[in-house]
Amino acid sequence: MDDKLRDILDELDEKQTSILLENEMYYDVDKAALKRIKASVHKRVRADQKPKVFKNKILISAAAVLLVFATLLSFGSDNISDTLKRVFDYIPGYGMNSSPGKGSAGEIPQQVLDMVENRRVMNSLTKEKYTIGEKGYRVNHINFDKLDMSDPSLEKLMTEEEQWLFIIENKGSSYLSMLIGKYQGKYDVLMYGGGAEMFYHTLALADPLKTGKADLLAYGGDYYFISEESQVYQIPDTRSQYERNPSLFDHPISEKIGVDLILANYDDYMNADDSESKLGAVGLVEQYHEEQSK
């Protein structure tokens with residue numbers, strides 16, 4: 001157990017408790033961490049039970065929460081997931097219940113940043129070998145209502161969504177992805193575990209000077225980086241996909257080619273007799289090279 005985690009568990013307060021009370025537990029808490037959590041909560045409860053004057057209602061609420069938390073935990077680790085979900089609703093003003101705001105990563109709402117931090121702590125508690133990158137990438141989609149405009153461009157066709165892609169790293173290298181966005185009016189994890197082995201590799205090609213000006217586009221079943229020069233880089237789903245044809249993925253297609261393919265794909269989709277036809281089923285870069293090889 002690292003020193004940071006030990007400090008969190010030894011000095012458990014409202015905010016740190018809320019981090020442990022994410023609305024869902026995706027992993028089992030190992031026995032050592034569970035024992036430490038229970039001991040820390042009991043210690044805090046005993047301290048709060050000493051006669052003293054509370055300065056505000058938050059402290060009273062915190063003591064009640066910790067008492068309930070300690071009591072429920074005494075039922076054993078088998079019910080830890082349900083316990084944490086039930087107690088979470090009692091924590092005011094933190095974690096998932098916090099209000100939107102500006103985060104350290106630009107325009108990312110504070111609620112989204114809290115969810116990412118919650119997952120980081122949970123990964124630490126469960127001794128996950130993966131870490132979550134600091135940066136969140138705003139996701140753009142194609143606005144199909146604008147496809148009939150004259151002289152379309154990617155800049156005109158793309159629209160920002162309230163979605164951010166975070167990269168799950170393995171020893172500093174991109175490995176998997178986590179998509180957070182709005183679902184039924186509130187922020188939630190929309191996808192966890194998507195392939196991202198070549199994400200940082202493609203980003204380095206699209207933004208070699210690290211200006212942060214490359215846009216992330218989600219189209220069909222693939223992600224793309226659009227460089228400042230409007231070049232389109234397709235991000236391979238896996239390393240094996242990339243290694244089958246590195247040259248294809250290392251070289252972008254132009255904006256005009258990308259837009260023409262998007263327009264053609266949409267026309268094919270609208271005129272298709274097959275109800276199961278999928279828009280953008282083949283990546284744009286792959287599609288371009290397939291058509292060139294015919």
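Q: Which residues does Thr202 touch, not counting residues up to four places away in sequence?

A: In this predicted model, Thr202 touches Phe225, Tyr233, Gln234, Ile235 and Pro236, with residues up to four places away in sequence left out. Thr202 itself belongs to helix 8, which spans residues 199-206.

Q: Is Thr202 buried or exposed?

A: Burial is judged from relative accessible area, and buried means under 20%. Thr202 counts as buried because its relative accessibility is 1%.

Q: How should one read the buried residues of a helix, and which are they in helix 12?

A: An α-helix has 3.6 residues a turn, so residues three or four places apart point the same way. In helix 12 (residues 284-292), the buried residues are Leu284, Val285 and Gln287. These lie on the same side of helix 12, because the arc they cover around the axis is only 160°.

Q: What covers the buried residues of helix 12?

A: The cover includes strand 7 (215-219), strand 8 (222-226), strand 9 (232-235), helix 10 (246-250) and helix 11 (255-271).

Q: How many aromatic pairs are there, and how is a pair classified?

A: Ring planes under 30 degrees apart count as stacked, and those over 60 as edge-to-face. The count comes to eight aromatic pairs. One of them joins Phe144 and Tyr266: the ring centres are 5.4 Å apart and the planes stand at 15°, so this pair is stacked. The pair links distant parts of the chain, 122 residues apart, with Phe144 in the loop between strand 3 (131-142) and helix 7 (154-157) and Tyr266 in helix 11. Phe144 counts as partly exposed because its relative accessibility is 29%, and Tyr266 is likewise partly exposed, at 23%.

Q: Which geometry do Phe199 and Phe225 adopt as an aromatic pair?

A: Their arrangement is edge-to-face, with 5.1 Å from centre to centre and 65° between the planes. This pair also links distant parts of the chain: Phe199 is in helix 8 and Phe225 in strand 8, 26 residues apart. Phe199 is buried, with a relative accessible area of 2%, and Phe225 is buried as well, at 0%.

Q: Which residues do ring pairs link into a cluster?

A: The cluster consists of Tyr137, Phe199, Tyr200 and Phe225. Phe225 is also among the residues that Thr202 touches.

Q: Where do charged side chains sit over rings?

A: Such a case is read from the position of the charge relative to the ring centre and the ring normal. The charged end of Arg119 sits over the ring of Tyr192, 4.4 Å from its centre. Lys135 lies over the face of Tyr137, at 5.2 Å from the ring centre. Tyr137 is one of the residues in the ring cluster.

Conventions:
Residues numbered from 1 in each chain as written. Predicted model: local features only at pLDDT ≥ 70, side-chain atom pairs only at ≥ 80, totals over all residues. Heavy atoms only, no water. Helix = DSSP H or I, 4+ residues; strand = E, 2+ residues; numbered from the N terminus. Buried < 20%, exposed > 50% of the residue type's maximum accessible area, 1.4 Å probe, protein only. Contact = heavy atoms within 4.5 Å. Arc of directions from axis to C-beta. Phe/Tyr/Trp six-rings, centres within 6.5 Å; stacked < 30°, edge-to-face > 60°. Lys NZ or Arg CZ within 6 Å of the ring centre and 35° of its normal.
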